[in-house]
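This report describes the nonpolar cores, the salt bridges and a surface patch of one protein chain. The sequence and structure come first.

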Amino acid sequence: MARHLPSERAVTLRARLDRARLYLCTDAREAQGDLEDFLDAVLGGGVDIVQLRQKGLEARQEIEYLSAFRAACDKHGALLAVNDRADIAHAVRADVLHLGQDDLPVPYARAVVGQNMLIGRSTHSEAQAAAAAAEPGVDYFCAGPTWPTPTKPGRPAAGIGLLEYISRRGFGRPWFAIGGIDAGNLDQVLAAGAHRVVVVRAITDADDPRGAAAGFARRLRDADHAF
């Protein structure tokens, strides 16, 4: 049987994922009314991957918002991630589909989005992280929440120990620490062995989102050079 080689796009996306360090999740900025300016600021500040995370959106509205995300990502050379919805990810030409533990199983998601899109997984325990690190069709995973976060109310924090476990195991797949990470505790995350982080409020609630993003990006680059 002939071996199916990855496309040029798939290879390029995985190379960009390997270089990515700063992943931002944000809502559509409806309260602020500044979505396009906000995206331009944070992507210009050094965000590598940006995901629209806002529950309750109808598909048409989500696609409309994601058109602004797609334009901003194309302008800045960033990766666009869609949360949960494989159909919407396909529709908006996303670079990344991110799946939670209870979302569409990866083989079904792959059937929708094909091989030319990255797929990520959320993990909250050592067993889930180990499974995601080996699961066919998965390109990266997130581990957390490191600290309690209102983004996931009621979910207990996995803690720094989960990050240390993943770092010790030396999984060959890219992974991101997530959950309550801010400028004040980033050093603890780095010391635990995480080289990639997902940030929410520390950038979305900042008075200067571009400056906040730039600060995270700089510290993550510096940490890379230190290892």
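In which helix does Tyr 108 lie? Tyr 108 is part of helix H5, which covers residues 106-113. The model is predicted.

## Surface patch

Leu 104, Tyr 108 and Val 112 make a nonpolar surface patch of about 280 Å². Tyr 108 has a relative accessibility of 56% and therefore counts as exposed, the cut-off being over 50%.

## Nonpolar cores

The largest nonpolar core holds 61 residues. Leu 22, Val 47, Leu 97, Ile 166, Val 197 and Ile 203 have the most contacts inside this core. Another core lies apart from it and has 15 residues, including Ile 49, Leu 79, Leu 118 and Val 198.

Neighbours within four places in sequence left aside, Leu 22 is in contact with Gly 46, Val 47, Asp 48 and Ile 49, among others. Further contacts of Leu 22 include Val 197, Val 199, Ile 203, Ala 213, Phe 216, Ala 217 and Leu 220.

## Salt bridges between distant parts of the chain

The count of salt bridges is 13. One of them pairs Lys 75 with Asp 40, with 2.8 Å between the closest N and O atoms. This pair links distant parts of the chain, since Lys 75 is in helix H3 (residues 59-76) and Asp 40 is in helix H2 (residues 35-45), 35 residues apart. Lys 75 is exposed, at a relative accessible area of 60%, whereas Asp 40 is partly exposed, at 28% relative accessibility.

Asp 84 and Lys 55 also form a salt bridge, and their closest N and O atoms are 2.8 Å apart. Here two loops are linked across 29 residues: Asp 84 sits between strand S3 (79-83) and helix H4 (86-91), and Lys 55 between strand S2 (49-52) and H3. Asp 84 is partly exposed at 22% relative accessibility, and Lys 55 is exposed with a relative accessible area of 60%.

## A buried pair and a network

Are the partners Arg 110 and Asp 139 buried or exposed? Arg 110 has 9% relative accessibility and counts as buried, because buried means under 20%. Asp 139, at 10% relative accessibility, is buried as well. Their side chains meet in a salt bridge of 2.9 Å, N to O. Arg 110 lies in helix H5 and Asp 139 in the loop between helix H6 (126-134) and strand S6 (140-143), so the salt bridge ties together parts that are 29 residues apart in sequence.

Arg 9, Arg 70, Asp 74, Arg 93 and Asp 95 are joined into one network by salt bridges that share partners.

Technical notes. Residues are numbered from 1 along each chain as its sequence is written. This is a predicted model: local features need pLDDT of at least 70, side-chain atom pairs count only at pLDDT 80 or more; totals for chains, interfaces and linings use all residues. Side-chain values use heavy atoms; hydrogens and water are left out. Patches are made of residues with over 30% relative accessible area and no salt bridge: like charges are joined within 9 Å, nonpolar side chains (Val, Leu, Ile, Met, Phe, Trp, Tyr) within 5 Å. Accessible areas come from the Shrake-Rupley method with a 1.4 Å probe; for residues, only the protein chains shown count as cover. A salt bridge is a side-chain nitrogen of Lys or Arg within 4 Å of a carboxyl oxygen of Asp or Glu. Helices (H or I, at least four residues) and strands (E, at least two) are DSSP runs, numbered from the N terminus. Buried means under 20% relative accessible area, exposed over 50%, partly exposed in between (1.4 Å probe, protein chains only). A nonpolar core is a set of buried Ala, Val, Leu, Ile, Met, Phe, Trp, Tyr and Cys residues joined through side-chain atoms within 4.5 Å. Contact means heavy atoms within 4.5 Å.
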